[in-house]
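Let's take a walk through this model together, starting from its rings and working outwards. Have the viewer ready, and follow along residue by residue.

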Amino acid sequence: MATQQPANRPPRRGDRPTKICPVCGRPFQWRRRWSAVWEEVRYCSERCRRRRGGTVDPATR
């Protein structure tokens with residue numbers, strides 16, 4: 001019998017969606033506090049949000 005998570009639980013660590021931060025080029029994962037606004041989240045941290053004017057090409061890092 002396969003176990004399923006209840007609907008109100010967050011995704012398991014390996015099943016969480018990820019995005020790439022446009023400022024630092026690093027991947028970041030879904031967080032519970034972003035659950036309602038995940039589609040609007042663009043930056044991995046407050047620091048990157050403040051530095052959003054300059055983007056970094058991940059290939060040159």
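**A cluster of rings**

F28, W34 and W38 are joined into a cluster by ring pairs. Keep in mind as you look that this is a predicted model.

How many aromatic pairs does the structure hold? The count is 3. One of them brings together F28 and W34, with ring centres 5.7 Å apart and an angle of 80° between the planes, an edge-to-face arrangement. Both F28 and W34 are buried. Now turn to F28 and W38: their ring centres are 6.0 Å apart and their planes meet at 70°, so this pair is edge-to-face as well. The cut-off behind that label is an angle over 60 degrees between the planes. F28 belongs to strand 2 (residues 27–29), while W38 is found in the loop between strand 2 and helix 1 (46–50), so the pair ties together parts that are 10 residues apart in sequence. Like F28, W38 is buried.

Stay with W38 for a moment, and look at what surrounds this residue. The charged end of K19 sits over the W38 ring, 4.5 Å from the ring centre. K19 also appears among the residues that W38 touches: setting aside residues up to four places away in sequence, these are P17, T18, K19, F28, Q29 and W30.

Now widen the view to the core. Nonpolar side chains tend to be buried together in soluble globular proteins. In this model, the largest nonpolar core has 11 residues. The cluster residues F28, W34 and W38 are part of this core, and its other members are C21, V23, C24, W30, V41, Y43, C44 and C48.

Next, step back to the whole chain. The chain has 1 helix and 2 strands, and reading along the sequence gives the pattern β-β-α. Of the 61 residues in the chain, 20% are buried. The accessible surface comes to about 5,300 Å², and carbon and sulfur atoms account for 46% of that area. As for contacts between residues at least 6 apart in sequence, 21% join residues at least 24 apart.

Strand 1 (residues 18–20) offers a good place to look at such contacts, since I20 lies there. Is I20 buried or exposed? With a relative accessibility of 52%, I20 counts as exposed, because the cut-off for that class is over 50%. I20 nonetheless has contacts beyond its sequence neighbours: leaving out those within four places, the residue meets G25, R26, P27, F28 and R42. F28 from the ring cluster is therefore also a partner of I20. R42 is 22 residues from I20 along the chain, yet the C-alpha atoms of the two are separated by 8.1 Å.

Finally, move to the helix. Side chains of opposite charge can pair when their charged atoms come close. Where does that happen in this model? A search of the whole structure finds 1 salt bridge, formed by E46 and R49, whose closest N and O atoms are 2.3 Å apart. Both residues lie in helix 1, 3 residues apart, which is about one turn of the helix. E46 is partly exposed, at 42% relative accessible area, and R49 is partly exposed too, at 35%.

Note on methods: Residues numbered from 1 in each chain as written. Heavy atoms only, no water. Phe/Tyr/Trp six-rings, centres within 6.5 Å; stacked < 30°, edge-to-face > 60°. Buried < 20%, exposed > 50% of the residue type's maximum accessible area, 1.4 Å probe, protein only. Helix = DSSP H or I, 4+ residues; strand = E, 2+ residues; numbered from the N terminus. Lys NZ or Arg CZ within 6 Å of the ring centre and 35° of its normal. Core = buried A, V, L, I, M, F, W, Y, C linked by side-chain atoms within 4.5 Å. Contact = heavy atoms within 4.5 Å. Areas by Shrake-Rupley, 256 points an atom, 1.4 Å probe, with all protein chains shown as cover. Salt bridge = Lys/Arg side-chain N within 4 Å of Asp/Glu carboxyl O.
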